Amino acid sequence: MQIVPVNEPLIGEKELEYVSEAVRSGWISSEGKYIRAFEDKFSSYVNRKHGITVNNGTNALVLALRVLDLPEKSEVIIPSFTIISCALACVYNNLVPVFVDSEEDTWNMDAAKIQKKITKKTKAIMPVHIYGHPCDMDPISKIARKNKLVVIEDFAEAIGSKYKGSKCGGFGQISCASFYANKVVTTGEGGMCLTDDQDLAERLRKLKNLGFVPGKRFFHEELGFNFRMTNVQAAIGLAQLESIEARVRKKIWIGKTYTKLLKPLEDQGVIRLPIRKGWARNTYWMYGVVLNEKKGLKAAEAMKKLEEAGIQTRPFFCPMHLQPAFKKFSWFKKEKMPVSEKLYEYGFYLPSGLALTEKQLCRVCESLNTTLAI
Ligand SMILES: *Cc1c(COP(=O)(O)O)cnc(C)c1O
């Protein structure tokens, strides 16, 4: 039986060509022409002045929070329904993540639930565009302005997505991307911090490189990290950027085709499909479906049946407020977040990689129809 993989990256000849060039040149660590070329091309794609590559998306978030120099135990508002990287970035910086529940329809952090989480200690807010659908940025930015919060945008899942015509990646004082293998642009492992602020850009560059002071080697005024991306990775990234428009179009095609083929299941009340708000360009980074809890079937069981049919899927995020790793902290008092808890129990995502073929996509839909038939 042929397996339909949940993600197969799309890597072309151009990537091989640039990688060979990088390797042959001997510039295989973090200096070499591909680094700046990749930073420049990606930052101009999202209309930002500065792009600073790092070795993964998690560390892009760690670095972004680090350069803010927030007082210890400051609070950062983040969605509960997200990847653990967002919360870890807070913890690693001695900051406290404060979790907010999701919206029923977009699965993003619910702007209406933010205000009551704000205290005197709140200093930053981290919107995350989940599975490719942009967050409703106007109310979030308004709350940030009113409460003088720094916005750190995590657009790892929303490369190419737009909010009211503006690309995601343009909404934070610092915006963070990941180039993991399942992202719209990949470098294998990798990430980037983007900003328009020259001073922040310089500090980000310094701190990702062990805190080296430019022009003064082996002299360190503060504690840095080694978060450097290699020239070989940037070579892959640059090649990927040459096909970025086609990549984004393919993602949108996958999303729209799934929606068209699975609409009957939604009409029967069996599942809920991703939506696209009128102001959104959803790039469907991962195409998620949510089972109707009234039908009694949970995501884990449906996923098991699909696996037996050769269809790989992945569960939705386990919300941060349910993570055993955070139990020892006193951040939340047995708080309930019904929307993200339900998403966790009933949601999962379908094969959505850039190399997905129409034939594979149709097979996924047929298997879903058989598995979920009522
Ligand atoms: C992938 C991802 C990250 C982390 O990226 P890594 O490169 O795997 O460290 C961060 N945030 C979100 C929302 C992601 O999807």
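This briefing walks through the cores, strands, pocket and a few individual residues of the structure above. Keep in mind that the model is predicted. The big-ticket item is a nonpolar core of 107 residues, and it lies between domain 1 (13–241) and domain 2 (244–371), because both give residues to it. There is also a pocket of about 610 Å³, the largest one in the model.

**Nonpolar cores**

- Within the largest core, of 107 residues, the members that touch the most others are Tyr131, Ile152, Ile174, Tyr258, Leu262 and Phe348.
- Helix α8 (residues 244–267) chips in seven residues, the largest share of this core.
- Domains 1 and 2 both contribute, so the core sits between them.
- Take Ile152 as an example: leaving out residues up to four places away in sequence, its contacts are Leu61, Ala64, Leu65, Leu68, Ile125, Met126, Pro127, Ile174 and Cys176.
- Another core, of 17 residues, lies apart from the largest one, and its members include Ile77, Ile114, Ala144 and Leu149.
- As a bit of background, nonpolar side chains in soluble globular proteins tend to be buried together.

**Strand β9 and its partners**

- β9 (191–195) is largely enclosed by the rest of the structure, since five of its five residues are buried.
- Gly191, Cys193 and Thr195 point one way from the strand, Met192 and Leu194 point the other way, and all are buried.
- That fits the usual pattern, in which side chains of a regular strand alternate between the two faces of the sheet.
- β1 pairs with β9 in the antiparallel sense over five bridges, and Gly51 has Leu194 of β9 as its bridge partner.
- β8 also pairs with β9 in the antiparallel sense, here over four bridges, with Ala177 bridged to Met192 of β9.

**A three-stranded open sheet**

- Strands β7, β6 and β13 make an open sheet in the order β7-β6-β13, with antiparallel pairing.
- β7 (166–167) and β13 (280–281) are the edge strands; each has a single partner, so one side of each is left without a neighbour in the sheet.
- β6 (residues 162–163) is joined to β7 by two bridges, and Tyr163 has Ser166 of β7 as its bridge partner.

**The largest pocket**

- Lining this pocket are 23 residues, and the closest to its centre are Ser30, Arg36, Arg205, Lys208 and Asn209.
- Four elements, α2 (33–45), β1 (50–54), α6 (198–208) and β10 (212–213), each supply at least two lining residues.

**Three loop residues** (contacts leave out residues up to four places away in sequence)

- Ser80 is in the loop between β2 (75–79) and α4 (84–92), and it is buried at 0% relative accessible area.
- Ser80 touches Phe99, Val100, Pro319, Met320, His321, Met337 and Ser340.
- Val185, in the loop between β8 and β9, is buried too, with a relative accessible area of 0%.
- Around Val185 you'll find contacts with Phe38, Ile159, Ser178, Phe179, Tyr180, Gly237, Gln240, Leu241 and Ile244.
- Val185 and Ala239 are 54 residues apart in sequence, with their C-alpha atoms 9.5 Å apart.
- Gln173, in the loop between β7 and β8 (174–178), counts as partly exposed at 39% relative accessibility.
- Gln173 touches Arg48, Val150, Val151, Leu194, Thr195 and Leu200.
- Between the C-alpha atoms of Gln173 and Asp197, 24 residues apart along the chain, the separation is 7.7 Å.

Technical notes. Residues are numbered from 1 along each chain as its sequence is written. This is a predicted model: local features need pLDDT of at least 70, side-chain atom pairs count only at pLDDT 80 or more; totals for chains, interfaces and linings use all residues. Side-chain values use heavy atoms; hydrogens and water are left out. Two strands pair if DSSP finds at least two bridges between them. A nonpolar core is a set of buried Ala, Val, Leu, Ile, Met, Phe, Trp, Tyr and Cys residues joined through side-chain atoms within 4.5 Å. Buried means under 20% relative accessible area, exposed over 50%, partly exposed in between (1.4 Å probe, protein chains only). Domain bounds come from an automatic or database domain assignment. Contact means heavy atoms within 4.5 Å. On a 1 Å grid over the protein atoms alone, a cavity is a set of points where a 1.4 Å probe fits but cannot get out, and a pocket is an open set with protein on both sides within 12 Å along at least five of seven lines; lining residues have an atom within 4 Å of a point. Grid points are joined across faces, edges and corners, and a volume is the space filled by probe spheres set on the points.
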